[in-house]
Amino acid sequence: MAPLKNPKDKGAPAPGSTRPTVSPEAADRLADQLADKPYGSEPKVKDTLRRTSISLPESMLHRCEELAFDNKRSGKHPRSVSAIILEALNKYYGIGESENRIK
């Protein structure tokens, strides 16, 4: 059994340890890199589309399906029911044209 390491021996690795030693300079560089990053905030990433289910009146769903079919035939956007609803929600929230256009 390997002898226990004395906590006061900060620079020396424990006997039999496979962990690399870190110099004080390297530790300072890492601390400087991490100091500029905001704590607890998430990095900004592009929204990804997530599948969901909604309930619509049959007449509204039928109108959305017809519009999607007509748009597919004419080559216009939006071409799917999902894209039609996404566009409507973007207009409702005042977002403008969707960055995640469904083709």
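This is a short walk through a predicted model of a protein of 103 residues.

Okay, let's start with the overall picture. The protein has three helices and zero strands, so if you read along the sequence you get the pattern α-α-α. The accessible surface comes to about 10,000 Å², and carbon and sulfur atoms account for 53% of that. How much of the protein is buried? Buried residues make up 8% of the 103 residues. As for contacts, take those with a separation of 6 or more: 26% of them are between residues 24 or more positions apart.

I'll spend my time on two of the helices, α2 and α3, and on the loop between them.

First, α2. Helix α2 covers residues 58-74. Does its length add up or fall short? At 1.5 Å a residue, the 17 residues of α2 should span 24 Å, and its end C-alpha atoms are indeed 24 Å apart, which agrees.

Now look at which residues point where. Cys64, Ala68 and Asn71 are the buried ones to look for in α2. Those residues cover an arc of only 65 degrees around the axis, which puts them on the same side of α2. Turn to the other side of α2 and you find Glu58, Ser59, Arg63 and Arg73, which are exposed. And what covers the buried residues of α2? The cover includes α3, residues 81-93.

Let me pick out Asn71, because at 5% relative accessibility it counts as buried, the cut-off being under 20%. Asn71 sits in helix α2. Which residues does Asn71 touch, leaving aside its neighbours within four places in sequence? Asn71 is in contact with Lys76, His77, Pro78 and Arg79.

Another residue of α2 worth a look is Leu61. Leu61 is partly exposed, with a relative accessible area of 32%. Together with Ile54, Leu56 and Met60, Leu61 makes a nonpolar surface patch of about 320 Å².

Next, what happens as the chain leaves α2. The helix is followed by Gly75, and the phi of Gly75 is positive, near 80 degrees. A bit further on, you come to Pro78, in the loop between α2 and α3. Is the peptide bond from His77 to Pro78 cis or trans? That bond is cis, with omega near -5 degrees. For background, most residues other than glycine have a negative phi, and most peptide bonds are trans. Recall that His77 and Pro78 are both among the contacts of Asn71.

That brings us to α3. With 13 residues, α3 reaches 18 Å from its first C-alpha to its last, close to the 18 Å expected at 1.5 Å a residue. In α3 the buried residues are Ala83, Ile84 and Asn90. Looking down the axis of α3, these buried residues fall within an arc of 125 degrees, so they line one face of the helix. The face turned away from that buried side carries Tyr92 and Tyr93, which are exposed. What do the buried residues of α3 pack against? They pack against α2.

If you want one residue to follow on the screen, try Ile84, in helix α3. Ile84 is buried, with a relative accessible area of 11%. Outside its neighbours within four places in sequence, Ile84 is in contact with Cys64, Leu67, Ala68 and Pro78. Two of those names came up a minute ago: Cys64 and Ala68 are among the buried residues of α2. How far is Ile84 from Cys64, in sequence and in space? The two are 20 residues apart in sequence and 7.0 Å apart in space, C-alpha to C-alpha.

Staying in α3, there's a charged pair to point out. The structure holds one salt bridge. Glu87 forms a salt bridge with Lys91, the closest N and O atoms being 3.9 Å apart. Where do these two sit relative to each other? Being four residues apart in helix α3, Glu87 and Lys91 are separated by about one helical turn. Glu87 is partly exposed, at a relative accessible area of 34%, whereas Lys91 is exposed, at 61%.

Finally, the end of α3. The helix is followed by Gly94, whose phi is positive, near 75 degrees. Remember Gly75 after α2, whose phi is positive too.

So, to wrap up: α3 is part of what covers the buried residues of α2, and the buried residues of α3 pack against α2. Thanks, and over to you.

Technical notes. Residues numbered from 1 in each chain as written. Predicted model: local features only at pLDDT ≥ 70, side-chain atom pairs only at ≥ 80, totals over all residues. Heavy atoms only, no water. Patch = residues over 30% accessible without salt bridge, like charges linked within 9 Å, V, L, I, M, F, W, Y side chains within 5 Å. Areas by Shrake-Rupley, 256 points an atom, 1.4 Å probe, with all protein chains shown as cover. Salt bridge = Lys/Arg side-chain N within 4 Å of Asp/Glu carboxyl O. Buried < 20%, exposed > 50% of the residue type's maximum accessible area, 1.4 Å probe, protein only. Expected span 1.5 Å × (residues − 1). Arc of directions from axis to C-beta. Contact = heavy atoms within 4.5 Å.
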